[in-house]
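Me: I have a structure open and want to go through it with you. Can we start with the loops and then move to how the helices pack?

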Amino acid sequence: MDDVDSSGYSTSTRAQPLQNGPPLERIESVFSVYETQTEGETAGSDEASRTLVYYGDPLVPPQDVMSELWPVFQEAGYEPELTTRHGEFVLVAEPKQVGVDGVPWTNVVLLCLTVASTLFAGSMWYHIDPIANPTEMWRAWPFTVAILGVLGVHEMGHYVTSRYHDVDASLPYFIPVPTLIGTMGAVIKMKGRMPDRKALFDIGVAGPLAGLVATIAVTVVGLHLPPVTAPESVVQDPNAIQIRLGYPPLLEMLAAAFDQPLYRDDPATAVNPVVIGGWVGMFVTFLNLIPVGQLDGGHILRAMAGEFQETIAALVPGALFGLAVYLYYVGDHGGNSVLIWAVWGVFTAILATVGPAHPVRDDRLGLGRLLLGIVTFGLGILCFMAVPIAIVE
């Protein structure tokens with residue numbers, strides 16, 4: 001008979017099958033169970049919402065325990081993890097939840113704030129003063145649609161593929177920040193472990209490829225929209241700051257393919273701000289494909305190369321620091337690009353230390369996915385620019 005203590009734990013004096021959990025005999029083929037518990041058992045609680053806990057001894061190496069028991073608990077609707085408590089091995093299985101439960105208010109609020117911040121930033125690309133004329137900010141809506149479009153499609157690529165592989169993930173969180181584009185991008189939160197390399201690869205590659213499709217579409221539309229010209233007051237202002245964007249090979253290829261100019265003789269005339277949305281999509285694609293840690297490139301390369309990914313990741317921070325040093329000493333590139341690559345050198349060093357995701361089943365990928373991974377990294381190289389931003393006073 002089970003006893004329930006005041007902390008909400010149900011314990012048994014001997015190992016017994018837990019309600020809604022898999023049969024003990026399926027577990028004990030690799031993990032000998034001597035005690036079971038359920039956590040979160042309170043009055044009125046739903047049986048399916050309780051965490052199942054199994055104390056025992058692994059009969060095979062710990063990584064093999066997870067490989068064998070992962071599908072067993074997945075079938076029962078639980079997400080298992082092998083850990084230790086008080087020096088004892090314990091298998092903890094939490095109820096699996098995939099999808100959105102209720103209105104994701106945090107996502108909605110951040111999206112609204114990002115709409116406002118990108119309208120504010122975009123109005124300046126259209127030479128509208130958002131402080132003096134806040135009611136005119138709405139005219140920057142094409143810029144906002146372009147930015148949120150490329151970022152949103154990228155993250156939804158991850159989300160949809162996560163749902164396909166039955167991996168729990170949040171909806172995109174947009175990050176409103178007062179930058180030149182009004183945002184620091186968007187992220188989704190992965191809540192479940194990767195079942196195998198195929199899922200890790202598919203979820204990692206879906207974002208960059210989906211985002212690139214949206215980026216190319218936005219860029220082509222922007223190239224066909226009329227350019228913007230700075231008003232005379234801005235041109236004649238001796239304190240005006242000129243922002244120069246570096247164009248990646250993919251953007252220049254699209255401009256050449258559609259016979260649309262990127263560079264103009266008149267320094268007061270620039271491409272339509274919608275093109276900048278495409279530029280953002282390409283820059284984000286390159287950064288995400290850096291093969292380190294939890295970045296998309298880290299997921300893809302870990303799925304392709306296995307543990308060898310960590311060796312490659314260890315070289316990345318040095319390469320980025322080297323690029324920053326090169327730009328600092330060679331040519332007049334301004335300090336902005338130097339700072340960008342130095343910061344990313346630090347960031348990737350941290351990610352490399354944390355390490356990549358580790359799938360439960362570590363089987364090799366097939367040839368098709370390997371080729372797709374190579375193509376994806378090739379597309380990422382086409383989005384690279386050594387000097388993304390230069391500010392000229």
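Me: Is His86 buried or exposed?
Reply: At 80% relative accessibility, His86 counts as exposed. One caution on everything here: the model is predicted.

Me: Where is His86 placed?
Reply: His86 sits in the loop between strand 5 (78-85) and strand 6 (88-95).

Me: What is the sign of phi at His86?
Reply: Positive, at about 55 degrees, although His86 is not a glycine. Most residues other than glycine have a negative phi.

Me: What about phi at Asp166?
Reply: Phi of Asp166 is also positive, near 60 degrees, and Asp166 is not a glycine either. Asp166 lies in the loop between helix 4 and strand 7 (173-176). With a relative accessible area of 39%, Asp166 is partly exposed.

Me: OK, helices. How do helix 4 and helix 5 pack?
Reply: Helix 4 covers residues 141-164 and helix 5 covers residues 197-224. The angle is about 155 degrees, with the axes 7 Å apart. The two helices are therefore roughly antiparallel, since the angle is over 145. Helix 4 passes helix 5 in a right-handed crossing.

Me: Which residues meet there?
Reply: From helix 4, the residues include Ala146, Gly149, Val150, Val153, His154 and Gly157. From helix 5, they include Gly204, Ala206, Gly207, Ala210, Gly211 and Ala214. The residues of this contact divide into nine nonpolar, 10 polar and one charged. Gly counts as polar in that split.

Me: And what is the angle between helix 4 and helix 8?
Reply: About 25 degrees, with the axes 8 Å apart; helix 8 is residues 273-288. Helix 4 and helix 8 are therefore roughly parallel. Helix 4 passes helix 8 in a right-handed crossing.

Me: Which residues make that contact?
Reply: On helix 4, Pro142, Phe143, Ala146, Ile147, Val150, Leu151 and His154. On helix 8, Pro273, Val274, Ile276, Gly277, Val280, Gly281, Val284 and Asn288. The residues of the contact of helix 4 with helix 8 divide into 11 nonpolar, four polar and no charged.

Me: How are helix 5 and helix 7 oriented to each other?
Reply: Their angle is about 45 degrees, with the axes 10 Å apart. Helix 5 and helix 7 are therefore oblique to each other. Their crossing is right-handed.

Me: Which side chains should I click on there?
Reply: The contact is made by Leu212, Ile216, Thr219, Val220 and Leu223 of helix 5 with Leu250, Leu251, Leu254 and Ala255 of helix 7. The residues of the contact of helix 5 with helix 7 divide into eight nonpolar, one polar and no charged.

Me: Switching to helix 9. How many of its residues are buried?
Reply: Nine of the 10 residues in helix 9 (residues 296-305) are buried, so "mostly covered" is a fair label, with buried meaning under 20% relative accessible area. The buried residues include Asp296, His299 and Arg302.

Me: What do they pack against?
Reply: The buried residues of helix 9 pack against helix 4, helix 5, helix 8, helix 10 (309-329) and helix 12 (367-382).

Me: What comes just after helix 9?
Reply: Gly306, which takes a positive phi of about 70 degrees.

Me: Where does Leu371 lie?
Reply: In helix 12. At 48% relative accessibility, Leu371 counts as partly exposed. The C-alpha atoms of Leu371 and Met304 are separated by 9.7 Å, and these residues are 67 residues apart along the chain.

Me: Aromatics next. How many pairs are there?
Reply: A search of the whole structure finds nine aromatic pairs. In one of them, the rings of Tyr247 and Tyr263 have their centres 5.4 Å apart and their planes at 65 degrees, so the pair is edge-to-face.

Me: What does that pair tie together?
Reply: Tyr247 lies in the loop between strand 10 (242-245) and helix 7 (249-257), and Tyr263 in the loop between helix 7 and strand 11 (269-270), so the pair ties together parts that are 16 residues apart in sequence. Tyr247 counts as buried at 18% relative accessibility, whereas Tyr263 is exposed at 57%.

Me: Which residues form a ring cluster?
Reply: Ring pairs link Trp279, Phe283, Phe286, Trp341 and Phe384 into a cluster.

Conventions: Residues are numbered from 1 along each chain as its sequence is written. Side-chain values use heavy atoms; hydrogens and water are left out. Axes are lines fitted to C-alpha atoms, for helices over the stretch in contact, and angles run from 0 to 180 degrees between N-to-C directions. Helices (H or I, at least four residues) and strands (E, at least two) are DSSP runs, numbered from the N terminus. Angles under 35 degrees count as roughly parallel, over 145 as roughly antiparallel, 65 to 115 as roughly perpendicular and the rest as oblique. A crossing is left-handed if the near helix is turned anticlockwise from the far one by less than a right angle, and right-handed if clockwise. Contact means heavy atoms within 4.5 Å. Rings of Phe, Tyr and Trp (its six-membered ring) pair if their centres lie within 6.5 Å; planes under 30 degrees apart count as stacked, over 60 as edge-to-face and the rest as tilted. Buried means under 20% relative accessible area, exposed over 50%, partly exposed in between (1.4 Å probe, protein chains only).
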